[in-house]
Amino acid sequence: MLTVNGTELNFSEQQTLSQLLEAQGYEENRIVVELNAAIIPKAEYRRTILQDGDAVEVLNFVGGG
Amino acid sequence: MNNQQDPWTLGGHAFTSRFILGSGKYSLDLIKAAVEQAGAQMITLALRRASQGGKDNILDYVPPGVTLLPNTSGARTAAEAVRIARLARELGCGDFIKIEVIRDAKYLLPDNYETVKATEILAREGFVVMPYMYPDLNAARDLVSAGAACVMPLAAPIGSNRGICARDFIEILIREIDLPIIVDAGIGKPSQACEVMEMGAAAVMVNTAIATAGDVPVMAAAFKLAIEAGRSAYLSGLGRVLANSASASSPLTGFLREGEESGE
């Protein structure tokens, strides 16, 4: 099981963070990602293999004062 | 006064506009027009969970060249503010961060103690730290010591449009703190923005007064004029006030009634 922004998803072996983000429809240059509460630099997305139980937060900018 | 001749700096960056625009509570479609009408060189943003599927992104609506000022809204502790700031910087939009730490859910008043702690950590990490605070002189001095680039006292509770409730305490900060004082939160109309600029504020930040106005870009333009007017008045030096007498503005000719004073 993976948790992405609080939603549980099925875990698949050997999936990279980059693949997950693409499958979920996120645009990489507009987001920042935390994996288990640690920031993952963009350059690491393709090298990061997700593990069962990982929690992923995907954030972006929105309007705010 | 042409604002090109009156620049100010924050964290080593020079600005000519003294109007920081918020981007909350109005449509993305209006952001470009609001920025242009405001003449703003800095706009605030918030960080939230991204929605799936490449929905509209605010970064596509902000005109190029405008400095992005992410805030830490949602943070209740210094640690949460630091976490948001680091995430915001990872988005690659610069080192500016507006610290907002709010525990009080009813009046949304900023927590100065946690704000000072977050400022200290983030300034050490090279952020240009712009802390939103409750106007308290001791806390403001602590923010200076902690490495803040400016101090951002509230005028009234955030989003209230109630105006300059904290006037006397903002004046103390303007007099005593040797950093730009940017009045943030509660300014409800252009005349109030003008007034804090007359008092000597370095800049004004406005969001809700514009977002809840009848016409967002027109109100942004009105605030721009008011802020420029207030700044010019401050630079000029205000005329003096007579507490208990009057002074005729027209010459006293005395030709109508010998020995009597004429009026205005």
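This is a short tour of a predicted model, going from one residue of chain A to the interface of chain A and chain B.

**Stop 1: Q15(A).** Select Q15(A) and you will be in the loop between β2 (7–9) and α1 (17–23) of chain A. Is this residue buried or exposed? Q15(A) counts as buried because its relative accessibility is 14%, and the cut-off for buried is under 20%. Now show its surroundings: leaving aside residues up to four places away in sequence, Q15(A) touches L2(A), L20(A), T48(A), I49(A) and L50(A).

**Stop 2: the interface.** Next, colour the two chains separately. Here 22 residues of chain A are in contact with 31 residues of chain B. Together the chains bury about 2,400 Å², with 57% of it on carbon and sulfur atoms. Pick out R30(A), F61(A) and G65(A): these supply 33% of the area that chain A buries against chain B, more than any other three residues.

**Stop 3: polar links.** Stay with R30(A) and add D60(B); their side chains meet in a salt bridge, at 2.3 Å from N to O. Across this interface there are three salt bridges, and 12 residue pairs are in polar contact.

Which strand gives the most to the side of chain A that touches chain B? Select β5(A), which gives seven residues. By class, that side of chain A has 10 nonpolar, eight polar and four charged residues.

**Stop 4: strand to strand.** Keep β5(A) in view and add β4 (residues 42–49) of chain B. The two strands run antiparallel and are joined by five bridges. To see one partner pair, zoom in on G63(A), whose bridge partner in β4(B) is L45(B).

Key
Residues numbered from 1 in each chain as written. Chains lettered and ligands numbered in written order. Predicted model: local features only at pLDDT ≥ 70, side-chain atom pairs only at ≥ 80, totals over all residues. Heavy atoms only, no water. Helix = DSSP H or I, 4+ residues; strand = E, 2+ residues; numbered from the N terminus. Buried < 20%, exposed > 50% of the residue type's maximum accessible area, 1.4 Å probe, protein only. Contact = heavy atoms within 4.5 Å. Buried area = accessible area lost by both parts, 1.4 Å probe. Salt bridge = Lys/Arg side-chain N within 4 Å of Asp/Glu carboxyl O. Polar contact = N/O pair within 3.5 Å; in protein donor to acceptor, adjacent residues only side chain to side chain. Nonpolar A, V, L, I, M, F, W, Y, C, P; charged D, E, K, R; others polar. Pairing = 2+ DSSP bridges.
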